[in-house]
Every structure is written in C-alpha cells, then in structure tokens.
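User: Please take me through this structure one feature at a time, giving the general idea before each case.

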Amino acid sequence: MIIPFVSFLPMEKELNIEIKKAFDRVFNSSWYIEGKEDEVFEKAFAEYCGAESCVGCGNGLDALMLSLKALGVGIGDEVIVPSNTYIATALAVTYVGATPVFVEPDINTFLIDPSLIETKINEKTKAIMPVHLYGQACDMDAIISIAKKYDLYVVEDCAQAHGAMYKGKRVGSFGDAAGFSFYPGKNLGALGDAGAAVTNNKELADKIRALGNYGSDYKYHHIYKGNNSRLDEMQAAFLLAKLPHLDKMNEERRRIADMYTTGINNPKVVTPIVKDDCVPVWHIYGIRCKERDALEKYLNDKGIGTNKHYPIPMHMQDCYKDLGIKLGELPIAEEISTTELSLPMYYGMTDEQVQFVIDAINEFK
C-alpha cells in the first residue's frame, strides 16, 4: 500500500465545485487586491478565532513580522521564542532588527516550557512568541501571566494551529496579536502563499494593515516605512470556500490521531501527549524514536511517506551562527531534532491506511 505523507486529493475532490466558483467570482470581478473577498474573509476568520480584527498578509512570516513591527519591537530588543519550531518564528524577530532568544520545549508536547521563560528575561526583552506547534495549544495562562508580570507583549505563532483550542478559546485570541500561515499544506490552506494577523486591538490592526501596504493609511499617503504584504483576492476567495469546512476537517485529523495514539504500542516509539485543557488540530502527528532514521527508512520502504520536523535545530543553522549558541546548550531541541518523525496526517485518510501505518510501526524491530 502506498500512503503519502500528505495528500490534498480527498479535500480537493470534495471542494472542487466551491473552489472553481471562487475562482470564477474573482476572475469575473476584475478586482485582485484589497477587495470584497479579502474584506469578507477577514471578518469571517476574525470571528472564527474569537478576535476583533484580522488583517490579510502575503504569508505567515509576514504576519508575525508585521505584528512585531506594529508593536514597536525593533533594534536592541529581544524576543523569547521556542528553541524547537520552524525557522520562520525566529526570522520574524530578526526581520524587525531584534534578537531571538531560545527557550527549551517540554519534551512530551514539543511546546515551549513556561517554567523556563523567566530565566531568559532581562531589560532587553520586549515580547514572548509562543508557537502552537503541530496544532497543539501552548499553556497560555502561564505565558500571559509572565508577560503581565514583566510588561511584555505576546505574539502567538498560530501557523500550524488553525482552530486549536485552549480552555475553550481558539488560539490567536490570547495575545496582543497572532500570526497565521495559509500555506497550502496547512489545516486551512490557500492555493499559494497567504497569511493573516489577528488581534483584539483595532488600533494595532490598522497599523499592521498600513505597514503591510507600503506604510500607507490611504492612497499615496505613507505614515510608516512599510512593506508590501497583502492577501490577494483569489487566495481570500479560496480560503472563504474552505473555512466553513475547517472544523469538520480538524475533527477528522483528531480521529486519525486518536487511532495512532491508541494503536501504536511499540516500546521503541513515543507518541505525543495532549494536555487536558487543549483541543489540538494535529497539523502534524510527530512521534519520537531513538532509531528514527532506521524507522523512517523502514516505513518508506513499505510505501509510507514520512517527514522530519525539524532535523536541524535553529541554533545550529548557519544563518544563526552569530548567536554563538554551541551544540549541547539546547539539548531538548537537539534531541527532538534527532528523534522526531512525522507520520501521514491529512483529511481523507482511510481507516485502512491509518491501520497499515500503525501495524508497520508496531512490527518495527
């Protein structure tokens, strides 16, 4: 049996008519930037997240960067980020001229460990950027409490967590701002690059919008040295077609994840732990195995697609050598980078496919 790591085919088949209608609607309107589709999507997504405002952006990295920029984070500042995440989190900090400061994750959830955050706070610290990695929410009560204690901003990285919940509230509604990615592979994905910043602060939303529109609050009037990062009408229309189906598709991911967690019983494999106060959306289902590379080859040989998130931790990337962090200084992120293996996870996987993966893992010696 051939099982890809990810497949869009079941979703695309189900939404084919709606996606084509969205394309025709935009194409026939002859309006492609900052139009009705964007306006309607922003309102709908803000409501979905339980937030006041949503600002469409070119991609998720820009959403984070523009949020930090709008909050005044810049040169000389430090922002706390998890040591285990996709590099875009740190790059957003770098792009505004600030320095990312890495805090280790909880080995069981892969999420930033709030108990370690205060040790990295100093007079330069301006913000905390928790990442709801793999679709599971961070401990936002603890993070918000620390932020209030030290008068810090909180910018949530929700790139992998569309619809995830913490204590009954959706992620993206807790911090000063939040960044979402709509990269095609996300739970809510466009058909190209796209993103959005979400916030409960209307004034902040207006500033993010202006910064993403060349720093302009109205045509040819520029109040900031801005960027060009806007959600185009076509992608907004595609996202509008998909948004009503997101909860159903997330529920299907949870069903698949439950099958994995219940069915995998190989002592060599550690399955992820979900905290009681969280409802994850499983953008990624990542296991850990000391013999990760051997397991990956074994599964690939059986036709099972896999991925590794993330095989080189950020502090070991060439682009962040300037931070001077040596191998061994962030051991948990380093351990995850050598043991994590992501299993197939996508809407439309059949029970037979999931069971095939489970059986293969349980038979691994």
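**Reading the features of the model**

Analyst: Let us start with accessibility: Asp247 counts as partly exposed, because its relative accessibility of 37% falls between the 20% that bounds the buried class and the 50% above which a residue is exposed. Please keep in mind throughout that this is a predicted model.

User: Which residue forms a salt bridge with Asp247, and is that partner, Arg170, buried or exposed?

Analyst: The general idea is that side chains of opposite charge can pair when their charged atoms come close. In the present case Asp247 is bridged to Arg170, with 3.5 Å between the closest N and O atoms. This pair ties together distant parts of the chain, since Asp247 belongs to helix H8 while Arg170 belongs to strand S7 (residues 169-170), 77 residues apart. Arg170 has a relative accessible area of 19% and is therefore buried, the limit for that class being under 20%.

User: How many salt bridges does the structure hold, and which residues are linked in a network?

Analyst: There are 19 salt bridges in the structure, and the residues linked in a network of such bridges are Glu252, Arg255 and Asp351. Within that network, Arg255 and Asp351 form a salt bridge whose closest N and O atoms are 2.4 Å apart. Here again distant parts of the chain are linked, with Arg255 in helix H8 and Asp351 in helix H11 (residues 351-362), 96 residues apart. Arg255 is partly exposed, with a relative accessible area of 28%, and Asp351 is likewise partly exposed, with 43%.

User: How far apart in sequence are Lys297 and Asp301, and in which helix do they lie?

Analyst: Both lie in helix H9, with their positions 4 residues apart, which is about one turn of the helix. Lys297 and Asp301 form a salt bridge with the closest N and O atoms at 2.9 Å, and both residues are exposed.

User: How should I read a charged residue that has no salt bridge, and which contacts does Glu104 have?

Analyst: The general step is to look first for the nearest opposite charge, and then for polar contacts. Glu104, in the loop between strand S3 (99-103) and strand S4 (125-128), is buried yet lacks a salt bridge, the nearest side chain of opposite charge being Lys120, 7.7 Å away. What Glu104 does have is a polar contact of 2.6 Å with the side chain of Ser83, while its side chain also reaches the backbone nitrogen of Ala333 at 3.2 Å. Leaving out residues up to four places away in sequence, the residues that Glu104 touches include Ile112, Leu116, Leu330 and Pro331.

User: Which residues of helix H6 are buried, and what do they pack against?

Analyst: The way to read a helix is to separate its buried residues from the rest, and then to ask which elements those residues pack against. In helix H6 (residues 202-211) the buried residues are Leu204, Ala205, Ile208, Ala210 and Leu211. They pack against several elements, including helix H3 (60-70), strand S1 (53-57) and strand S8 (177-181). The N-terminal end of H6 is capped by Asn201, a side-chain oxygen of which lies 3.0 Å from the backbone nitrogen of Glu203.

User: What is the nature of the peptide bond from His309 to Tyr310, and where is His309 found?

Analyst: The torsion to read for a peptide bond is omega, and the bond from His309 to Tyr310 is cis, with omega near 0°. His309 is found in the loop between helix H9 (292-301) and helix H10 (331-339). With a relative accessible area of 10%, His309 is buried. Beyond its neighbours within four places in sequence, His309 is in contact with residues including Phe5, Tyr134 and Glu340.

User: What is phi of Glu34, and what is phi of Tyr214?

Analyst: For phi, the sign is what to read. Phi of Glu34 is near 50°, a positive value in a residue other than glycine, and Glu34 lies in the loop between H1 and H2. Tyr214 also has a positive phi, near 65°, and its place is in the loop between H6 and S10. Tyr214, at 42% relative accessibility, counts as partly exposed.

Definitions and conventions. Residues numbered from 1 in each chain as written. Predicted model: local features only at pLDDT ≥ 70, side-chain atom pairs only at ≥ 80, totals over all residues. Heavy atoms only, no water. Helix = DSSP H or I, 4+ residues; strand = E, 2+ residues; numbered from the N terminus. Buried < 20%, exposed > 50% of the residue type's maximum accessible area, 1.4 Å probe, protein only. Lys, Arg positive; Asp, Glu negative; His and termini not counted. Salt bridge = Lys/Arg side-chain N within 4 Å of Asp/Glu carboxyl O. Polar contact = N/O pair within 3.5 Å; in protein donor to acceptor, adjacent residues only side chain to side chain. Contact = heavy atoms within 4.5 Å.
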